[in-house]
Amino acid sequence: MRDVVALTEAGVTLVVDASGPGLPVIAYWGPELPALDDGRLAALLRASQPVAGTNNIDPVPRVAVLPEHRTGWTGRPGLSGSASGRGWSPSFRSYAVPGGPLVYEAVDEEAGLTLRLEIQLLPSGLARQRATVRNDHDVPYVLNDLVLSYPVPAEATELLDFAGRHNRERVPQRSPLRTGIHLRENRKGRTGADSAYLLHAGTPGFGFESGRVWAVHTAWSGNHTHYAERVFTGEQRLGGGELLLPGEVRLARGQAYTSPWVYGGFGVGLDEVARRFHRHLRARSRPVGPRRPVTMNVWEAVYFDHDLDRLTELASLAASVGVERYVLDDGWFGSRRDDTAGLGDWVVSADVWPDGLHPLIERVRGLGMQFGLWFEPEMINEDSDLARAHPEWIMAARSGRPVESRTQQVLNLGLPEAYAHIKARILAILGEYPIDYIKWDHNRDLIDAGTRPGGEPGVHAQTEAFYRLLDEIRAAHPALEIESCSSGGARIDLGVLERTDRVWVSDNIDPHDRQHMLRWTTQLVPPEFLGSHVASGRSHTTGRRHDLSFRAGTAIFGHLGIEWDLTTASPAELSELTDWIARYKDWRDLLLGGDLVRMDGYGDDVLVHGVVAPDRSRALIAMVTMASPYPDPPAPLRFRGLDPRRLYRLRPLQPVDHPPRWWAEDLVLTGAILEHAGVAGPRVHPDTVVLYQADAV
């Protein structure tokens with residue numbers, strides 16, 4: 001392997017310099033640099049060597065992917081830890097590992113540490129890195145922190161990441177990148193509804209289409225870190241890693257710790273960054289594809305009131321409108337008649353289901369639908385047989401219990417006995433019943449998540465056990481699909497998406513709020529992974545009322561489902577819902593296999609988004625009026641992503657009260673006209689979605 005390597009994929013070039021004695025450096029990461037031979041690479045490195053400032057180190061050291069304090073770097077170090085106070089400032093000497101594309105090992109003999117670094121540029125154009133540190137010393141090494149980072153240029157002075165809460169996930173927030181550190185630490189034991197999600201740095205005012213943008217994502221479902229940093233010399237970094245609790249990782253001689261993958265995405269505009277992540281997920285070894293079954297979940301229809309006759313009636317109505325998968329939610333097991341008891345007792349309740357789940361499943365499958373079942377394996381109620389039998393399996397940092405949340409505690413899957421028990425219970429249910437799908441829930445943060453009796457921190461072990469449990473269940477049932485739900489969308493990251501087939505965006509299904517949450521969740525996750533349901537006319541979460549056309553027109557831009565007591569729907573509503581589902585089935589190859597496009601320039605009161613077929617032959621476009629528009633009617637509909645020279649027939653897909661004149665015509669436009677000039681839209685009320693279809697002529 002050469003000391004300096006340039007990789008190019010999908011319009012992105014990554015240059016890694018391992019010519020020095022220390023750790024490898026990402027010397028360039030950004031738009032493709034063509035024809036990079038050895039001479040040009042050498043010239044690039046010479047040209048980018050900065051001049052030392054007054055009172056600075058000379059020559060100025062390049063910052064490695066894992067920055068080291070001993071080089072003079074005064075920003076956040078990549079590795080923090082010690083062996084009883086020794087080896088806290090490591091000095092690694094690196095060499096390439098033969099046979100690996102960009103795999104390096106480095107040794108600090110004095111500190112007794114070996115470091116392995118893996119750097120990749122994926123076919124999607126995403127970069128990713130991870131590190132493994134091993135203790136080769138007799139004294140245990142306590143690892144405090146291990147983060148990996150990417151360089152970003154001086155032009156990237158604006159940050160975008162996300163805040164949020166339960167029922168309002170992924171609220172975007174912008175701030176300037178100033179000298180110092182923008183640090184997002186997540187200590188919830190799961191990804192979190194308020195996680196940074198993706199941390200972007202870009203040129204000022206970057207949007208969906210324009211501006212150069214660099215982004216970082218930590219692919220880990222437990223405690224984690226994202227950060228952006230600028231030091232006094234002007235160097236800027238984006239980085240991330242797992243957030244380790246005190247004493248959580250102690251490495252005896254020969255033991256090692258491997259960090260999560262830290263992804264980096266570059267693009268011109270947020271849409272290009274998003275599509276790189278979409279291509280990566282669509283290329284995974286277990287693709288979900290666009291042919292996603294329309295799903296009904298009965299939670300908001302029945303809650304804990306499980307009655308066979310009522311549930312079979314719902315199944316019949318679901319099948320009649322075109323549903324293809326039926327999911328029984330919480331309340332089928334143990335003493336689980338409300339949310340205060342039964343978690344942990346994964347045995348079908350004989351009181352509610354005297355004949356087991358067989359009668360319901362036979363009815364559902366007889367109607368031609370798949371059957372799914374809800375679990376929450378990582379949680380436990382104190383009022384449960386399991387908690388009474390094994391109180392020591394409840395995570396706690398001291399002799400007392402952690403504060404309750406949703407009347408739940410956390411079951412310590414880091415304990416082999418607890419892990420084996422839960423795994424056996426789940427596999428027993430999957431062995432007895434023909435179950436196609438699991439909705440896997442996780443409804444509270446991990447607070448004081450220790451292992452008894454000593455109370456040592458256990459979030460890292462819990463996260464690894466969660467991954468292992470998913471992997472082993474999947475190995476036993478390869479065809480099983482698994483959805484990740486966590487108080488809605490509080491566990492969405494590339495770590496969990498390596499092992500699951502769907503994520504629940506939010507417990508809030510109000511389409512007004514879902515418009516924003518779908519818009520920003522797709523910054524990382526493609527639509528076919530996003531659970532997106534049509535709820536009842538009055539939202540159970542917000543109390544707002546919406547027409548079915550707005551509820552369905554919002555939900556179709558994801559993996560469509562129903563969360564509505566259809567026994568309360570009128571014949572007209574059932575007929576309209578049937579039409580929407582049929583239309584979705586006709587469109588889902590496009591909706592769940594096309595390229596995402598989100599338009600700038602409309603503010604928050606009007607949203608324009610859609611999907612374009614990869615061959616640019618057609619598109620489905622939504623113009624959404626979120627509030628009373630000003631001006632009225634709003635700005636013309638513009639949409640990019642189509643072939644600028646190709647002709648497209650544009651037609652609206654539902655009637656409105658005040659349409660523009662062109663709706664009565666056979667309108668054919670070039671892609672360039674649609675993008676730059678646009679077409680007049682109708683006058684509509686707030687919370688209205690108008691769909692358009694564009695087909696190449």
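## A hairpin, two cores and a pair of helices

Strands β16 and β17 make a hairpin with five residues between them, and G234 in the turn has a positive phi of about 95°. Keep in mind while you look around that this is a predicted model.

Let's stay with the hairpin for a moment. Strand β16 (residues 224-230) pairs with β17 in the antiparallel sense, over seven bridges. Find Y227, and you will see that it stands opposite G239 in β17. Is β17 mostly buried or exposed? Seven of the seven residues of β17 (residues 236-242) are buried, so the strand is largely enclosed by the rest of the structure. Strand β17 also pairs with β10: five bridges join the two, and they run antiparallel. Here L148 has G240 in β17 as its bridge partner.

Now follow the chain out of β10. P153 sits in the loop between β10 (148-152) and β11 (158-165). How exposed is P153? Its relative accessibility is 28%, and because buried means under 20% and exposed means over 50%, P153 counts as partly exposed. Leaving aside neighbours within four places in sequence, P153 is in contact with W214 and Q236. For a sense of scale, pick out I621: P153 and I621 are 468 residues apart along the chain, and their C-alpha atoms are separated by 35 Å.

W214 leads us to another strand, because it stands opposite F266 in β20. Strands β15 and β20 (residues 262-268) pair in the antiparallel sense over seven bridges. Strand β15 also pairs with β14 (residues 199-202), again in the antiparallel sense, over four bridges. In that pairing, the bridge partner of L199 in β15 is V216. Six of the seven residues of β15 (residues 212-218) are buried, so this strand too is largely enclosed by the rest of the structure.

Here are some of the strand pairings side by side, with one from further along the chain.

| Strand pair | Sense | Bridges |
|---|---|---|
| β14 and β15 | antiparallel | four bridges |
| β15 and β20 | antiparallel | seven bridges |
| β10 and β17 | antiparallel | five bridges |
| β16 and β17 | antiparallel | seven bridges |
| β34 and β35 | antiparallel | seven bridges |

The last row belongs to a sheet worth tracing by eye. Six strands form this open sheet, in the order β33-β34-β35-β38-β36-β37, with antiparallel pairing. Which strands lie at the edges? They are β33 (595-598) and β37 (667-670), and each pairs on one side only. Neighbouring strands of the sheet are turned by 25° against each other on average, direction ignored. Inside the sheet, β34 (residues 606-612) is joined to β35 (residues 618-625), and V611 has L620 in β35 as its bridge partner. A helix comes in here as well: α10 (residues 548-555) lies across β35 and β38 (688-696), running at about 50° to β38.

Next, the helices. Two packed helices are described by the angle between their axes and the distance between the axes. For α4 (residues 308-321) and α11 (residues 571-591), the angle is about 55° and the axes are 8 Å apart. That makes α4 oblique to α11. Which residues meet? From α4 come L317, S320 and V321, and from α11 come L574, L577, T578 and I581. Sorted by type, the residues of this contact are five nonpolar, two polar and no charged.

That brings us to the inside of the model. In soluble globular proteins, nonpolar side chains tend to be buried together. In this model the largest nonpolar core has 124 residues, and those with the most contacts inside it are Y326, L328, W332, I556 and L566. Helix α11 gives the largest share of this core, eight residues. Apart from it lies another core, of 48 residues, among them V5, Y141, A201 and V249.

Zoom in on Y326 to see how many neighbours one residue can have. Not counting residues up to four places away in sequence, Y326 touches M296, V298, L311, L314, A315, L360, V364, M369, Q370, F371 and G372.

One of those neighbours, F371, lies in strand β23 (residues 370-375). Is F371 buried or exposed? F371 is buried, with a relative accessible area of 0%. With residues up to four places away in sequence left out, F371 touches Y326, L328, L360, I361, V364, P434, I435, D436 and Y437. F371 also shows how folding brings distant parts of a chain into the picture: F371 and I438 are 67 residues apart in sequence and 8.9 Å apart in space, C-alpha to C-alpha.

How values were computed:
Residues numbered from 1 in each chain as written. Predicted model: local features only at pLDDT ≥ 70, side-chain atom pairs only at ≥ 80, totals over all residues. Heavy atoms only, no water. Axes fitted to C-alpha atoms, helices over the stretch in contact; angles between N-to-C directions. Parallel < 35°, antiparallel > 145°, perpendicular 65-115°, else oblique. Contact = heavy atoms within 4.5 Å. Nonpolar A, V, L, I, M, F, W, Y, C, P; charged D, E, K, R; others polar. Pairing = 2+ DSSP bridges. Core = buried A, V, L, I, M, F, W, Y, C linked by side-chain atoms within 4.5 Å. Buried < 20%, exposed > 50% of the residue type's maximum accessible area, 1.4 Å probe, protein only.
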